[in-house]
2 protein chains.
Amino acid sequence: MMSTTEKISLLVVDDHPMVLEGMRSMLAQFGYVHLTGLASNAWEAMDLIKQERPHIVLTDINMPEVSGIELAEKIRREFPGVKVIAMSTFKERSYIAQMIQHGAVGYLLKSASREEIEEALLRVYEGYMYMSHHLHMTEPEQQETKQLPVLTSREKEVLQLISDGCTNPEIAKRLFISLHTVDTHRKNLLTKFNVNNTALLIKIATKAALL
Amino acid sequence: MMSTTEKISLLVVDDHPMVLEGMRSMLAQFGYVHLTGLASNAWEAMDLIKQERPHIVLTDINMPEVSGIELAEKIRREFPGVKVIAMSTFKERSYIAQMIQHGAVGYLLKSASREEIEEALLRVYEGYMYMSHHLHMTEPEQQETKQLPVLTSREKEVLQLISDGCTNPEIAKRLFISLHTVDTHRKNLLTKFNVNNTALLIKIATKAALL
DNA sequence: GTGAGAATCACCTGAAAGGGGGATGGCGTA
DNA sequence: TACGCCATCCCCCTTTCAGGTGATTCTCAC
């Protein structure tokens with residue numbers, strides 16, 4: 001099944017010892033995989049990566065202290081050649097998107113079969129991306145999507161400038177309108193998003209990809 | 001190649017007529033695809049989706065007025081059963097992540113071959129996700145990643161609460177510390193991120209997936 | 001042509017945030 | 001031990017923001 005004789009070196013990161021053990025025994029069945037180490041948190045992982053430079057790091061997303069997402073980001077920054085596959089028990093798409101945004105090239109569910117793990121490792125090793133199959137939009141996450149308010153074009157402009165760090169006077173100058181007008185738009189934004197300060201407004205808008 | 005006799009109904013969205021025409025002729029070669037329509041912007045697309053309810057919408061990302069990302073979000077909200085495959089000429093991962101976050105189940109490069117488009121349509125139709133192969137971490141995007149400041153655990157807590165919309169007095173109460181202390185942490189956050197107000201701080205932190 | 005919504009401008013008040021400064025104890029490490 | 005880093009607390013002052021209320025123009029659709 002392998003096109004080369006080199007073994008894929010692999011590091012597994014998870015805060016649950018049971019999971020690590022399970023992965024170890026499962027991976028032992030794959031002749032072409034060399035398990036370079038097991039880490040129970042991001043710091044251990046970074047140390048081992050520094051020492052061993054594995055081809056692939058298979059990491060849990062939900063870990064205390066430093067999440068798998070942050071770990072992926074660290075790996076991308078310090079060891080760009082090392083590929084990251086994320087694992088999670090949840091199907092939330094938001095995690096997938098975050099992981100990819102932070103450099104992961106694969107996403108596996110922990111419930112993945114032996115065959116799926118095998119396919120993921122091989123494809124990622126060969127330079128492709130691999131996404132878990134079981135992602136057919138579950139119902140619960142649908143309703144989780146809160147509807148965004150409808151913004152006018154002017155409100156969008158103001159929102160953009162706010163998110164760029166402009167103060168109201170700066171926005172007024174840029175848009176050639178009065179400070180009062182900017183203030184009004186800003187208040188309308190807060191009202192429409194149903195929040196009471198800028199911080200939350202910007203977080204919601206950013207997560208909704210309006211910015 | 002198809003496991004069912006039903007044709008896959010498809011809507012293509014792109015603001016370049018040439019691309020639409022090219023897709024039309026290419027798709028005509030796939031016997032199992034029924035092209036329900038071509039749209040040159042998001043509004044046309046939504047109208048056609050409402051009428052035709054295609055299985056899959058293949059949409060460009062870079063469109064004026066309303067981007068493909070926003071269109072994906074609209075489709076997810078109004079027609080959850082309709083699957084979205086995004087297309088773009090660029091390889092930026094950030095677009096991929098955003099598209100997925102907003103409901104896309106596939107990502108194609110416009111340079112994709114006939115075979116790749118075929119595979120994408122079939123896999124998405126069958127309920128899987130499909131990601132373009134040609135995504136081996138290009139160099140330019142690497143350096144684009146700006147390094148984030150190192151935050152202390154306390155600063156992370158404060159940052160999180162700020163992003164939740166808490167004011168300094170509220171944060172002080174929650175963390176059982178003085179208002180002055182919260183203020184100090186907040187100032188340090190602004191300094192570390194090299195910004196001068198909360199709005200930009202939150203945007204950067206959110207985009208970096210710290211929140 | 002009436003009405004709805006958008007965009008504009010205005011005034012007021014109090015709370016919150018931003019920008020300086022300085023100070024203390026704790027804790028780990030060089 | 002001395003230094004750096006963190007977390008904590010305190011003061012000053014100015015600017016900005018949030019909440020409320022109200023009004024005028026303009027456009028677009030009905």
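## A guided tour of two chains and two DNA strands

Begin at DNA strand C and select Ser153(A): an N or O atom in the side chain of this residue lies 3.2 Å from a phosphate oxygen of the strand. Such a pair is a polar contact, defined as two N or O atoms within 3.5 Å; within protein, one must be able to donate a hydrogen and the other to accept it, and residues adjacent in sequence count only if both atoms are side-chain atoms.

The model is predicted, with pLDDT of at least 70 required for local features and pLDDT 80 or more for side-chain atom pairs, whereas totals for chains, interfaces and linings use all residues. Residues are numbered from 1 along each chain as its sequence is written, chains are lettered from A and ligands numbered from 1 in the order in which they are written, and side-chain values use heavy atoms, with hydrogens and water left out.

**Stop 1: DNA strand C**

Remain at this strand and select Thr152(A), where a side-chain N or O atom is 2.3 Å from a phosphate oxygen of DNA strand C. Then move to Lys187(B), whose side chain places an N or O atom 2.7 Å from a base oxygen of DNA strand C. Two or more residues of the surface near this strand come from each of helix H7 (153–163) of chain A, helix H9 (179–193) of chain A and H9 of chain B. Helices (H or I, at least four residues) and strands (E, at least two) are DSSP runs, numbered from the N terminus.

Which helix gives the most to the surface near DNA strand C? H9(A) does, with four residues.

Next, display the full surroundings of DNA strand C, which comprise 17 residues; Thr152(A), Ser178(A), Thr181(A), Lys187(B) and Thr198(B) are the closest. A residue is near a strand if one of its heavy atoms lies within 4 Å of it. Of the atoms of DNA strand C that come within 4 Å of the protein, 67% belong to sugar and phosphate. By class, this surface has two nonpolar, twelve polar and three charged residues. Ala, Val, Leu, Ile, Met, Phe, Trp, Tyr, Cys and Pro count as nonpolar, Asp, Glu, Lys and Arg as charged, and the others, Gly among them, as polar.

**Stop 2: DNA strand D**

Now select DNA strand D, which 18 residues surround; the closest are Lys187(A), Thr198(A), Thr152(B), Ser178(B) and Thr181(B). Sugar and phosphate make up 67% of the atoms of DNA strand D that come within 4 Å of the protein. At Thr198(A), a polar backbone atom is 2.9 Å from a phosphate oxygen of the strand. Two side chains of chain B follow: an N or O atom of Thr184(B) is 3.0 Å from a base nitrogen of DNA strand D, and one of His185(B) is 3.1 Å from a phosphate oxygen.

The helix that gives the most to the surface near DNA strand D is H9(B), with four residues. This surface divides into three nonpolar, twelve polar and three charged residues.

**Stop 3: H8 and H9 of chain B**

Select residues 168–175 and 179–193 of chain B, the helices H8 and H9, which pack at an angle of about 110 degrees with their axes 8 Å apart. H8(B) is therefore roughly perpendicular to H9(B). Axes are lines fitted to C-alpha atoms, for helices over the stretch in contact, and angles run from 0 to 180 degrees between N-to-C directions. Angles under 35 degrees count as roughly parallel, over 145 as roughly antiparallel, 65 to 115 as roughly perpendicular and the rest as oblique.

To display the contact (heavy atoms within 4.5 Å), select Asn168(B), Pro169(B), Ile171(B) and Ala172(B) of H8(B) with Leu179(B), Val182(B), Asp183(B) and Arg186(B) of H9(B). Five of these residues are nonpolar, one is polar and two are charged.

Continue to Asn194(B), in the loop between H9 and helix H10 (198–207) of chain B. Its phi is near 60 degrees, a positive value in a residue other than glycine.

**Stop 4: between the chains**

Select H10(A) (residues 198–207) and H7(B), whose axes come within 7 Å and cross at roughly 85 degrees. The two helices are therefore roughly perpendicular to each other. Here Ala199(A), Leu200(A) and Lys203(A) meet Gln160(B), Ile162(B) and Ser163(B).

**Stop 5: H2 and H3 of chain A**

Finally, select residues 42–52 and 68–78 of chain A: helices H2 and H3 pack at about 25 degrees, with their axes 11 Å apart. H2(A) and H3(A) are therefore roughly parallel to each other. Ala42(A), Ala45(A), Met46(A) and Ile49(A) of H2(A) form the contact with Leu71(A), Lys74(A), Ile75(A) and Glu78(A) of H3(A).
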